[in-house]
Amino acid sequence: MIAFGSQRANGAELAIHLANAEDNEYVEIAEIRGAVADDLPGAFSEFEAKATALTNLEKYLYSLSINPDPRQGRLTRDQYYDYIERVESVFGMEGHDRAIVFHIKESKDGLFREHCHAVWNRTDVQNMRGVNISHDKLKLMQITREFAQDHGLTLPDGYYKIDDNFQQMSLHEKAQQNKTGLTKQARAELITDLWRTSDSPKAFVAALEDNGYMLATGNRPYVLVDTFGNMNALPKMITDKDVRTKDIRAFLQKDFPPESLSTVEEARAVAAQMEESRERIKLSQKLAEQKEILQRDQDMRRKKLQADIAAKQDYHTKEATRLSDLHGDKRFVHMLNSAKADMEINFRRVANAPTGLAGFLSRVTGMDAIRSKLHAYQDRKRETTQEQARQQIEEQNRLEKLRQSHEHGLEMLEMRRLENEQKKSFEREERSIAMAQQREKVAHYSTGYEHMPSVQLTLTPRGRMAMPAKAQRRHYAPTVKEDNVKAPIEAKPDQTSKQPETLENGDYKSFADSWDEAVTREDEFYAPARDPDKDKGRGR
């Protein structure tokens, strides 16, 4: 069982990664606690809002991956939650917002491996601060040991023998590994071995080029750029503890001063040209089918969401029409009631008006004029009351319409958010397919090599950049700038080139012939003068 935890930001990207069904055969969002939204992007957006409003946390999430050993059987859900509760207790995050996601992946041997992701919001809402998580690696190891003892599990030896020099792989290193198919440890071991077996700077640089690395200069004097454009500081790639940075610089300074080397940008430009030629490889049938299946699945999900959005808009239109009709009915009823009240009052006045001698006396004595003024006062008072009632109805209608418009706006914002998250999810799934294709290309180009395909560059005449080409002979030209060129050497034609070959399944051509198709050779090139006596022990 292996547990890996990290503090991180960018919850939107993490949510897309956790919900990515392309990298996983099965995805289950088991729990979202402390958020109104019922999906990961929405929940992590709320986590970020709390962290931004209450604290100055940049890495407001703590992400934990729990990977059990499939050879010892699957963990039950109760066991997963037991481990998660132990982590919460030790790290002081009881009751914090969290999300739990279960994944099932298919391994290379055809087996299915279940693992769990738990993500907490580090924001302490009560105290308006972030929970401090220090030495989490050691704490997780202790929690895992106690958990394994309680549940009768066996752990790797590394849980009992702690290496102080061990460092967890960073997200940048993981991205490099996904792109090249090589771990940092494998690359460091190879470069360290090349350092030990090279007896001169030129032999060391040539050996690096043979294994797919270009020596360049950047913010540091000596860095390595591989054929995929990844950069690493040379001293950090030599794991020999007896070798210091000053030793490396002193060893390379004479033959390869930093000012004579290509920059990182120039080396990456050469790597990009190599990548263009690698892009011509046909995809295997499996990956092509996966891409087609993914496209159909995305089209179906996109159409479903668009249909939901259209249905929601249609529902909003009907609701707005219904409310408008209801408001019209209220105004019409108020108008009818007012007219009815006026008619009843006028009818009573006419029915109760004095007639005959009483009417004559009323007119003579002035009572009729007084009655008319009283009726006019009562009419004005009644009209004022009716107008106030009408205004109250209009205000109520306005508030109801505003409330409905606000609710509809929020619902459409949610639909647009889902649409945006779906777009990001599609891009992440397509990147997953592209990464699988990249790993396939790496595997193809690494065939026959212990590490990577050789760089094999030549320098073109002055004023032009270095171009990749099939090497006719061993030389040191790829690393040194044109200012150090001493004498032109005429390239001899390759008499041993073979006809294009393909693999048994017909997917790929050989590396050399693919290179010939992608690059036009120069008839002559410039290279520094060679000393044959120094080339005898180049250590390849």
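This report describes the overall make-up of one chain and then a sheet within it.

The structure is a predicted model, in which local features need pLDDT of at least 70 and side-chain atom pairs count only at pLDDT 80 or more, while totals for chains, interfaces and linings use all residues. Residues are numbered from 1 along each chain as its sequence is written, and side-chain values use heavy atoms, with hydrogens and water left out.

The secondary structure comprises 13 helices and 15 strands, where helices (H or I, at least four residues) and strands (E, at least two) are DSSP runs numbered from the N terminus. The table gathers values for the whole chain.

| Property | Value |
|---|---|
| Buried share of the 540 residues (under 20% relative accessible area, 1.4 Å probe, protein chains only) | 39% |
| Share joining residues at least 24 apart, among contacts (heavy atoms within 4.5 Å) between residues at least 6 apart in sequence | 74% |
| Exposed area of the chain (Shrake-Rupley method, 1.4 Å probe) | about 31,800 Å² |
| Part of that area supplied by carbon and sulfur atoms | 52% |

An open sheet of five strands follows the order β1-β3-β5-β4-β2 with antiparallel pairing, two strands being paired if DSSP finds at least two bridges between them. Its edge strands, β1 (2-8) and β2 (26-33), each pair on one side only, and the twist averages 15 degrees from one strand to the next.

Strand β1 runs antiparallel to β3 (residues 61-67), to which seven bridges join it, and Ala3 stands opposite Ile66 in β3. Helix α4 (residues 136-151) packs on the sheet and touches β1 and β3, and its direction makes about 150 degrees with that of β1; axes are lines fitted to C-alpha atoms, for helices over the stretch in contact, and angles run from 0 to 180 degrees between N-to-C directions.

How values were computed
Buried < 20%, exposed > 50% of the residue type's maximum accessible area, 1.4 Å probe, protein only.
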